[in-house]
Structure formats: C-alpha cells, structure tokens
Amino acid sequence: MNEPRSKSRWKHRVGLGACLVLGASALVLRFRNAWLYPLGMGFDAQGNWAYIDSLRTLAVLPDPETTWSAAHPPLFYALSAGLSLGLGHPDPHTVVIATRLLSTGIGLAAIAAVIGLVRQLDPSNPGRAWLSGALLLFLPVHIYMSAMLSEEILVSSLTTFVVVGVLSDLRGESGVGRAWVWGGLAGLAVLTKLSGLLVVLAAGGGYLIAGWTGRGGAWGAVRALALGFGALFTGGWFYLYRWWTRGYFYPSGLDIHRIMFEMPPGDRSLADYFSFPLATLTGSDLLSADLIHSVWGSTYATVWFDGHRHFLPLDAPGLVLAGVVIAVLGLIPTAAFLAGCFLAFGRMVKKTNATDGLLLGLIGLTVAGYVFFTWRNPWFATLKGSFLLGLAAPFAIYASESLSAAWHWFRSRARLGGFLGFVALFILWISVTLTFAFEGVFSKREYPGLDWRAGLPDRSSSQPEESGAIIDSSVLNRPPR
C-alpha cells in the first residue's frame with residue numbers, strides 16, 4: 001500500500017525539482033542576456049541611445065526630425081537618463097546595461113503579477129498559475145526583447161499591471177481611488193508608447209461592462225472616467241505638448257525615417273493577412289520568398305523565433321533545427337490561446353462579464369491596431385511580435401486555461417496524451433532556453449538585422465543598417481566576461 005504512494009511522491013518531487021531548475025534558468029537567462037548583449041545591437045538601438053543621451057547630457061527632448069527614435073514618448077528614455085544621473089553619469093556601456101537590467105526586472109515583475117492574478121481567478125488550481133508564468137517566461141519574443149535597449153518590455157509590463165489591477169478591482173469591492181491609480185499607470189504606458197492607449201480603452205470598457213451587468217451604470221461610469229482622467233494626467237500632457245509645439249499629436253512619414261520607404265515588400269494586399277506558409281515553421285527569416293508577403297506568418301516567426309535576426313545569427317549549425325522545434329511546438333500554446341479566446345467569447349455570448357470583456361477588448365483593439373499599422377507601413381521591418389507584447393496577460397490567462405483543462409481531461413481519460421503534452425512543453429521550454437542564451441549554443445558575429453538591400457535591383461549592401469540607423473562597429477564589442 002505504501003509503495004505506490006511513495007513512488008508517486010517521488011515522481012512529484014522530481015517533477016517539482018525539474019520545474020524549479022527550469023524556472024531559475026529562465027530568470028538567470030534574462031539577466032545574463034541583458035548583461036552580455038552588445039550595445040549596438042537590437043531594434044533601433046542607436047536611435048534609442050541618441051534619445052537617452054540627449055536627455056542625460058542636455059536635459060531636453062530631442063527634435064523628432066533629427067534622430068530615429070526622437071518622435072517617441074519620453075518615459076523609457078527618461079528612466080534611462082535618470083539611471084545615468086543616479087549612477088553619477090558613467091560611460092554609455094554602464095548606462096545601457098543598467099537600463100536593460102531594470103527593464104528585465106520590470107518585465108519579470110509583470111509576469112509575477114500575472115501569476116498572482118491567475119491564482120485569484122482559479123484558486124483551486126495552483127498549477128495553472130505557475131503554468132501561466134511559464135508561458136511568458138519561455139516566450140522567445142519576451143526573452144530577446146528583455147535584452148534590448150527598447151521600450152517594448154516597459155510598455156507591455158505597464159499594460160499588464162493595469163490589466164491585473166483592474167481585473168482585481170472587478171472581482172472585489174474597491175473605491176474610485178484605485179481606478180485613478182490604474183489610470184495613472186495606464187497613462188505611463190501611453191507616455192512610453194502610443195499603443196498604451198489601447199489598455200486605457202480596454203480597462204475603461206471593463207469598468208463600464210461591470211457597471212452595466214450588475215454594479216450599476218454610475219459605478220462603472222465613475223471608475224471609467226477616473227481611469228481616463230488618471231491616464232490623461234500622467235500620459236496625455238506629452239501629446240498635448242507635441243500638438244502645441246509641433247502641430248501634431250504623433251508624427252508620421254518623417255524624413256528621418258525615409259530609408260524604410262525603400263524596404264520590401266513596399267505594398268500590402270488582403271491576401272497578406274490570410275497566408276500562413278510552411279516557412280513560418282522552419283526558422284526562416286522575414287525576407288524569405290514565402291514570408292515576405294505573410295503578415296501573420298512573419299509575426300509568428302518573430303514571436304516564437306527571431307525572424308529579423310537581431311538576436312540570433314543569420315546561419316549556424318543546428319539553427320534551422322532549433323527554429324523548427326520551437327516554431328512547431330509553439331503551436332501548442334498558440335492554439336491553446338486561440339481556444340481560450342473562443343471559450344471566452346462563448347461565455348460573453350451566454351452571459352456578458354467584465355473580465356472576458358476587458359481581455360477580449362484588449363485583444364481586439366491590439367490586433368486591429370496592428371493590422372492598421374502594418375497596412376499603412378507595408379515593410380518587413382514593421383512586422384514584429386514585440387508589438388503584441390501588450391497581450392501578455394490575456395495570452396497567459398487564456399492559454400493556461402485551455403492547457404490546464406486539457407491536462408485534467410487527459411489525466412482522467414488518456415494519461416499518455418497528457419504526459420506527451422507535458423513533455424512537448426518541456427522540450428519547447430528547454431529549446432527556447434538553449435537557443436536564446438546569448439553567446440551560448442549560438443554566437444552572433446555579424447551585424448544585427450537582415451541585409452534587405454541585397455535583394456533590391458542595382459543596389460549594393462555597402463554598409464549594414466538597423467531600421468535606418470547605421471551601425472557603428474565600435475559599439476559592437478562584447479562586454480568583458
């Protein structure tokens with residue numbers, strides 16, 4: 001009688017130990033990448049540094065017409081400049097490393113917040129909460145963006161904090177003051193990137209739905225207004241300032257960005273949004289013939305791999321195999337997320353609820369914004385899974401719901417199926433960890449990004465470029481180890 005129980009306890013301990021080791025490796029991986037990743041690599045790295053340097057040396061916002069990233073809202077760059085001030089204005093290398101470590105820490109805090117929320121949503125199933133965290137910890141786009149000098153992790157984390165906070169409010173009794181707080185955080189997201197506006201709309205809609213479905217119209221309207229005014233106070237001023245001084249809220253088509261207008265494919269058709277070629281699952285880059293006209297195929301290749309090749313090498317032994325394994329197994333959490341969205345939509349049809357209303361609203365707004373943006377900017381460089389990181393919370397919540405339900409179903413009917421699914425996820429997470437450890441299995445020695453000029457007629461690739469900013473080889477030196 002005791003032997004089966006002892007064996008079961010032993011298996012549980014081994015499984016728990018393996019999960020703890022893998023989780024710890026995910027944390028170490030992020031901080032290690034933030035430390036080792038070279039200064040001049042990553043999306044818009046030099047343009048972002050020019051913005052930071054202007055704030056830390058001149059204490060003024062740069063002219064949007066003069067540097068690549070200068071049209072962006074200032075919060076991320078101001079935080080980096082503030083770090084520089086706090087550290088006594090050290091050399092650029094120290095400032096960049098400190099900024100990336102801070103960004104990594106904020107990203108991990110957002111993942112912890114999601115784990116706590118899922119624990120609230122499903123208290124009888126603690127395994128689901130840890131699963132939701134693992135889905136984000138081992139998401140390739142979240143890993144490699146955490147190593148870059150970029151605002152994407154900050155804005156997605158602020159968005160996640162707002163989602164978690166408002167959903168917690170919707171499940172309990174809270175005063176208007178909390179809505180002000182979440183509005184202030186949402187405003188900081190807007191002050192980081194214009195896409196932060198999406199969470200303001202979705203969270204405000206969540207309060208309105210809660211009021212409409214039972215708490216009273218006044219309850220929802222007051223909190224939605226409080227959230228909106230909080231966001232306007234902390235984030236709206238910058239756009240009003242830009243309108244007052246420049247005549248626009250947010251610029252487009254600036255001359256400084258003209259190099260993008262030459263990038264392929266240069267046009268979009270509706271067919272681009274309905275193709276998902278096999279090349280999506282083979283670790284191909286975004287300039288490959290099959291992916292260049294596939295919006296969602298290219299996006300998938302940047303969520304689950306590095307289609308832009310800013311982090312991974314252009315070619316290396318085993319890279320294709322890694323790309324295939326990760327992309328194919330990535331279909332499991334992706335399908336689980338879509339299934340979770342379908343289930344949530346079904347719940348909304350049967351009985352409207354504020355939780356699914358907020359999450360589905362954020363998903364719909366984000367996807368619509370991404371489609372609009374990529375339609376107006378038909379270049380391969382604008383297809384980035386990082387633009388969808390604001391969906392971190394909905395992805396973890398809905399994918400963990402589906403995967404957890406599938407696991408319990410298989411446990412009671414077909415244990416082998418559940419075991420194989422668990423092994424597949426474990427292989428996925430190990431593969432991601434090995435592949436996206438910078439200077440680990442794969443070493444990147446060439447300039448970052450794809451040589452898109454090589455495919456243009458009568459154009460030579462005389463010098464590498466990164467989203468229009470020339471890369472200076474002097475900043476590509478690896479930090480000492």
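What is the volume of the second largest pocket? In this predicted model, the second largest pocket has a volume of about 1,300 Å³. Its lining is made up of 40 residues, and among these the closest to the centre of the pocket are Lys193, Tyr250, Phe373, Asn377 and Phe387. Two elements, helix H9 (197-215) and helix H14 (354-376), give two or more residues to this lining, and H14 supplies the largest share, with six residues. When the lining of the second largest pocket is sorted by class, 20 residues are nonpolar, 14 are polar and six are charged.

Lys193, one of the residues closest to the centre of that pocket, also takes part in a salt bridge with Glu152, in which the closest N and O atoms are 2.4 Å apart. Because Lys193 lies in the loop between helix H8 (176-192) and H9, whereas Glu152 belongs to helix H7, the pair ties together parts that are 41 residues apart in sequence. Both partners fall under the 20% cut-off for a buried residue: Lys193 has a relative accessible area of 17% and is therefore buried, and Glu152, at 6% relative accessibility, counts as buried as well.

Helix H7 leads from this salt bridge to the nonpolar interior. The largest nonpolar core has 115 residues, and those with the most contacts inside it are Val166, Leu170, Tyr207, Tyr398, Trp429 and Phe436. Helix H7, which spans residues 152-171, gives the most to this core, contributing ten residues. For Leu170, once neighbours within four places in sequence are left aside, the contacts are Gly206, Tyr207, Ala210, Arg215, Trp219, Ala354 and Leu358. Separate from this core is a second one of 19 residues, which includes Leu286, Val295, Tyr370 and Leu383.

Val295 also belongs to helix H11, where it is among the buried residues, together with Gly297, Ser298, Thr299, Tyr300, Ala301, Thr302 and Val303. H11 is thus mostly covered, with eight of its nine residues buried, and the elements that cover these buried residues include H6, H12, H13 and H14. Helix H12 (residues 319-329) can be read in a similar way: its buried residues are Leu319, Ala322, Gly323, Ile326, Ala327 and Leu329, and what covers them includes helix H6 (140-146), helix H11 (295-303), helix H13 (331-350) and helix H16 (415-435).

Two of the buried residues of H12, Leu319 and Ala322, are also touched by Phe442, whose other contacts beyond four places in sequence are Pro313, Ala316, Pro317, Gly318, Thr435 and Ala437. Phe442 has its place in the loop between H16 and S1, and with a relative accessible area of 6% it is buried. Its relation to Ala316 shows how the chain brings together residues that are apart in sequence: the two are separated by 126 residues along the chain, while their C-alpha atoms are 7.0 Å apart in space.

The loop that holds Phe442 is also the place of Arg453, in the stretch between H16 and strand S1 (465-466). Arg453 forms a salt bridge with Glu262, the closest N and O atoms being 3.9 Å apart. This pair links distant parts of the chain, since Glu262 sits in the loop between helix H10 (217-246) and H11, 191 residues apart from Arg453. At 12% relative accessibility Arg453 counts as buried, whereas Glu262, at 34%, counts as partly exposed.

A further salt bridge lies within a single helix. Side chains of opposite charge can pair when their charged atoms come close. Arg56 forms a salt bridge with Asp53, with 2.9 Å between the closest N and O atoms. Because the two are three residues apart in helix H2 (residues 45-58), they are separated by about one helical turn. An α-helix has 3.6 residues a turn, so residues three or four places apart point the same way. Arg56 counts as buried at 15% relative accessibility, while Asp53, at 26%, counts as partly exposed. The count of salt bridges in the model comes to twelve, and among the residues involved, Arg347, Asp356 and Glu401 are joined into one network by salt bridges that share partners.

How values were computed
Residues numbered from 1 in each chain as written. Predicted model: local features only at pLDDT ≥ 70, side-chain atom pairs only at ≥ 80, totals over all residues. Heavy atoms only, no water. Core = buried A, V, L, I, M, F, W, Y, C linked by side-chain atoms within 4.5 Å. Buried < 20%, exposed > 50% of the residue type's maximum accessible area, 1.4 Å probe, protein only. Helix = DSSP H or I, 4+ residues; strand = E, 2+ residues; numbered from the N terminus. Contact = heavy atoms within 4.5 Å. 1 Å grid on protein atoms, 1.4 Å probe; cavity = no way out; pocket = protein on both sides within 12 Å on 5 of 7 lines; lining within 4 Å. Points joined across faces, edges and corners; volume = space filled by probe spheres on them. Nonpolar A, V, L, I, M, F, W, Y, C, P; charged D, E, K, R; others polar. Salt bridge = Lys/Arg side-chain N within 4 Å of Asp/Glu carboxyl O.
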